[in-house]
Structure formats: C-alpha cells, structure tokens
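Student: Could we take a close look at one part of this structure together? I'd like a walk through it, step by step.

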Amino acid sequence: MERTGGGVENSGADSSLVVWSLLTFCLLSGPATGDQHAHCSEFLCLSPPSLLVRLLSFSSEQGPCGYPLDLPPSGLPSGQGLPPLPPGFPGLAPGPVAWSPLSPTVVIVPGRRPARLQPSWARVMAGELLEAGLVNVLVADWLLPPEQEITEGARQVGERLAQTIKTLLEDQGSSPELFHLVGFGVGAHVAGVTGACLEGTIGRITGLDPFSPVFSEADSSLSLDHTDAQYVDVIHTNFNPNEPVAPLGVPRPLGHVDFYIGRGYQLPGCPQALMKREQYLLCSHQRAYRLFTSSIRSSCPLTAFPCQGVEDFQRARCTHCHHPGLNICPQLGYDISWLPLDRPITFQPLTAVLDITATDPFCVTPFLLEVHLEGNTSLEAQLFIQLKGDVRKTPVMLVSGPPLMQFESHQIHQFLVSVPHTVQEFRTIVLHFYSQRLLYLAWRKRRIHISHLVLTQLPRHQGLVSYRTRSATAVENHRVDVYLQKEE
C-alpha cells in the first residue's frame with residue numbers, strides 16, 4: 001500500500017517516540033476542545049477492555065447528534081462484525097435511521113483519541129455534509145485500550161470497518177463506488193486498510209494529514225495508498241517539523257493527488273511559539289479537517305498548482321496547471337467536479353501546493369509578481385510587499401522567503417503572491433527591500449532601479465486580470481508606494 005519517491009521535502013528527522021510522547025501528554029493533560037453540541041453523547045466515552053468499533057448515523061431529522069447504526073448481522077463472518085457494547089458500557093440505543101442505498105455515502109473516520117475527548121469536529125463535518133444535501137453520513141466511532149499498539153489497532157479497526165461496509169453493500173444493495181471515506185490522522189490509515197480489504201473498489205478516500213509517528217516505520221500495508229480506492233486525495237498540513245518536534249503528518253505523497261499546504265508547519269492562524277503548548281503542536285495538523293469541512297459549502301475554490309516542492313512553489317516556478325493527463329489545476333476539498341470521470345484515474349499521481357489564509361474559508365487568489373530591474377546596483381535583501389485597494393488592503397507579505405536573496409540588475413525576479421480572496425481591485429503596491437544593514441546616512445543606502453512590475457492573476461491560461469507599473473526607484477530599508485495600472 002505504499003508509494004515511494006517524489007514529494008515535498010521534509011526538513012526534519014523523524015523523532016517518532018518524542019512526537020508520540022508529547023502528543024499523548026498534550027491530549028491527555030490539555031483541555032478538551034469546546035463543543036457547541038455538548039449535550040450530544042453519541043461517542044464512546046470510557047476506555048474499553050478491548051477494541052470497540054461502531055457506526056454512527058447523522059441525519060437532518062435527528063438533529064446535530066448521531067445515533068448508532070443498527071446493522072443486520074447477516075453476511076458477517078463470525079467475530080468480524082461490530083459487536084454490541086459490553087454490559088454496563090454507556091451508549092445510545094440504535095435510533096431510527098433513514099438509509100438510502102442508492103445515494104452517495106460519506107464515512108468519517110476520526111483518529112485515535114483519549115476516551116474522554118469527543119471528536120466534535122466530526123460532528124461539525126457531518127452537519128456540513130447534511131447541509132450540502134447528502135443523505136447518508138456516517139462516523140466510524142472507535143476506541144482502543146490504552147495499552148494497545150496503535151498500528152495493530154488501526155489494522156483491526158480498518159478490517160472491521162471493511163466488514164461493516166461489505167454488509168451494507170450485500171444486504172442493503174449499495175455500491176462501493178458510492179462510498180467516500182474521510183480519515184483524519186490515524187483514521188486516514190484506518191480508511192486505507194478498509195479500502196485495501198475491499199480491493200480498492202471504494203469510490204474515494206480522503207486522507208486528512210495521515211499520521212506519521214509510528215506509521216512511518218511500520219509495515220507499508222498499514223499506510224494509506226493510492227491503490228486503496230478508485231480516487232485517493234490527501235491533504236498534508238503538518239509535513240515539516242514544529243521545532244523541536246517532528247511533523248505529525250506523513251511528508252511523502254500517498255494518493256492520486258497530494259495537496260501540500262503552505263510551509264507544512266505554523267500555518268496562518270496557528271501559534272508561532274511553544275507558549276500555547278497544545279495548539280502549537282496540533283494546530284497545523286488539525287487544520288486538515290478544518291480545511292476539508294470548510295470546503296464542503298465554500299463559495300470560493302482552494303486551487304492548488306502541480307509542483308514538486310514547496311520551495312519551487314514559493315519561487316513561482318509552478319504557475320501552470322499542466323500535468324501529464326490532466327490539464328486543469330486540482331482543487332482541494334469535497335467538490336471534485338474538476339476531476340475527470342474516467343476510472344481508473346488516467347493521470348500519473350501528482351503533488352500540488354497551495355497557500356491559505358488564517359480563517360474560514362481559507363481561500364486565496366494567487367498572483368505572479370515579476371520585478372524587472374535595471375541600472376547597475378545589486379542588493380542582498382528580503383522583499384516585503386503590500387497591496388492596497390480603495391477599501392481593503394492585504395497584510396504585509398514576505399514574498400522572497402526568510403533567507404536574504406540577491407537582487408541583480410537587468411534581471412527578472414519572480415514571486416508568488418497569495419492574496420486573501422476578499423481583497424480585490426488593487427491601486428498601489430508597497431515595496432520594501434529589507435537588507436538588515438543598519439545604515440543611518442542616506443547616501444550609503446543602495447537604490448534599486450525598477451524598470452516595471454507585472455502582477456498577473458493565476459492560473460495564467462485563464463486570461464485573468466493583470467497589473468503593470470511604470471519605472472520606480474526603491475531605497476533599501478525604506479517603503480515605496482508604486483501605482484498599479486490595471487490591464488485586462
């Protein structure tokens with residue numbers, strides 16, 4: 001189930017034991033996540049003596065809470081089904097569930113959790129799917145005994161979930177192509193095991209930042225892979241270390257399309273220091289399910305660009321949508337209307353990169369900034385920019401990356417600029433070449449002579465708006481405002 005090679009770089013060593021210890025400490029000692037549906041109690045909440053797995057059904061008629069799905073026992077091999085809860089174990093009785101076997105079905109698979117911590121995000125995602133018009137929304141609720149090894153537990157959960165889906169297929173007359181498994185963290189690997197047990201016939205599996213510690217060193221049959229379903233898309237949000245802790249997500253590509261978000265750590269809106277212990281470690285990892293949930297009913301697309309690495313993306317080397325067998329930029333999220341209908345997938349597995357904003361709906365409008373320099377002066381500096389419109393303006397953005405870069409005369413320097421989708425119709429661009437040199441005398445400060453700037457909305461083949469400037473001069477460590485002229 002493992003595809004090797006390629007993918008976005010991972011700059012940190014895999015210290016799985018340290019990560020797992022710190023993560024467990026945060027989850028077990030940190031505060032539980034708030035939940036606006038605190039009155040719901042459908043999820044298992046006591047540490048079980050043995051593996052427990054059950055399906056919860058959500059529907060508009062039942063309200064925000066889920067109910068256990070009462071499945072007929074026929075078609076299940078002995079001991080392989082979803083057993084009843086142990087005597088005295090708290091839980092809801094099966095409720096009236098309206099099942100439509102000919103309609104699409106989404107099965108949400110949370111990751112491993114302490115028994116006391118409910119995966120409230122799964123309830124929110126289920127609600128969004130119902131609001132979008134989906135009829136069959138299920139959550140695979142599972143718990144392991146605290147001492148059980150996680151990789152073996154994930155295998156057992158995946159196998160049991162596969163048996164349950166097989167029951168729905170055989171006894172309810174459904175079709176595997178109608179099933180979409182959405183797994184977060186360890187749940188992504190559970191979904192992969194389920195898909196493999198069903199021989200890749202499941203219509204789609206979405207992996208939300210598949211868990212890396214322990215699984216990176218486990219048997220490849222326990223990892224999500226593009227052979228586990230007819231279409232496998234993976235959202236990577238924590239593929240680089242949150243220093244001093246290794247990434248929680250798998251850095252390597254696993255699916256038909258692997259989406260890599262930003263830098264892979266300290267994503268927009270996440271804490272930048274270890275002061276907020278739990279959020280610093282978990283924020284980027286958890287951003288995966290927030291992105292997918294937001295995409296379900298979003299009014300703006302999360303467009304990604306085929307690219308071999310984050311650095312190439314930031315250097316504006318990935319501004320086209322062309323990929324062998326696919327002539328469109330992939331879009332992250334629930335909607336896959338952009339995806340060709342052919343099955344099996346006809347294009348080669350690809351990696352795609354995108355930026356996001358700090359808040360829902362996370363959408364950005366990508367632009368290519370081309371800086372045409374003239375004159376005889378070069379400068380080693382960082383380039384910060386800000387775009388201003390009549391009403392709104394962007395934050396100040398570092399477009400050249402953290403290291404100082406060499407700005408040479410008579411060269412064209414290209415940068416990717418990710419603009420919040422709410423900011424439109426730019427009037428000026430503010431440039432700041434920051435050299436980090438402490439210079440008090442004006443005559444010692446270098447001047448960068450700019451022939452012109454071009455700011456083009458991406459993807460370029462769509463013929464979207466662009467802006468151009470006249471010549472300008474920028475002084476190092478000083479901000480300069482340059483007027484933008486719109487061209488269409």
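**Links between cysteines**

Tutor: Let's begin with C300 and C363, which are joined by a disulfide with their sulfur atoms 2.0 Å apart; a disulfide here is a pair of cysteine sulfur atoms within 2.5 Å. The torsion about this S-S bond is 80°, and the link of C300 and C363 is right-handed. C300 sits in the loop between α5 and β9 (305-306), while C363 sits in the loop between β10 (350-354) and β11 (364-374), so the pair ties together parts that are 63 residues apart in sequence. The element names come from DSSP runs, numbered from the N terminus: helices are H or I runs of at least four residues, and strands are E runs of at least two.

Before we go on, please keep in mind that this is a predicted model: local features need pLDDT of at least 70, side-chain atom pairs count only at pLDDT 80 or more, and totals for chains, interfaces and linings use all residues. Residues are numbered from 1 along each chain as its sequence is written, and side-chain values use heavy atoms, leaving out hydrogens and water.

How does this pair sit with respect to the surface? C300 has a relative accessible area of 13%, so C300 is buried; C363, at 2%, is buried too. Buried means under 20% relative accessible area, exposed means over 50%, and partly exposed lies in between (1.4 Å probe, protein chains only).

Now look at C307 and C318, whose disulfide has an S to S distance of 1.9 Å. The torsion about their S-S bond is about 55°, so this disulfide is right-handed. C307 lies in the loop between β9 and α6 (310-314), C318 lies in the loop between α6 and β10, and the two are eleven residues apart. Both C307 and C318 are buried.

C270 and C283 form another disulfide, with sulfur atoms 2.0 Å apart. Here the torsion about the S-S bond is about -75°, so the disulfide is left-handed. This pair links C270, in the loop between β8 (257-261) and α5, to C283 in helix α5, 13 residues along the chain. C270 and C283 are both buried.

To place these pairs in the whole structure, a full search finds five disulfides. With bonded cysteines counted along the chain, their pattern is 1-2, 3-4, 5-10, 6-7, 8-9. For a contrast with the buried cysteines, try C45, which has a relative accessible area of 36% and is partly exposed. C197, at 41%, also counts as partly exposed.
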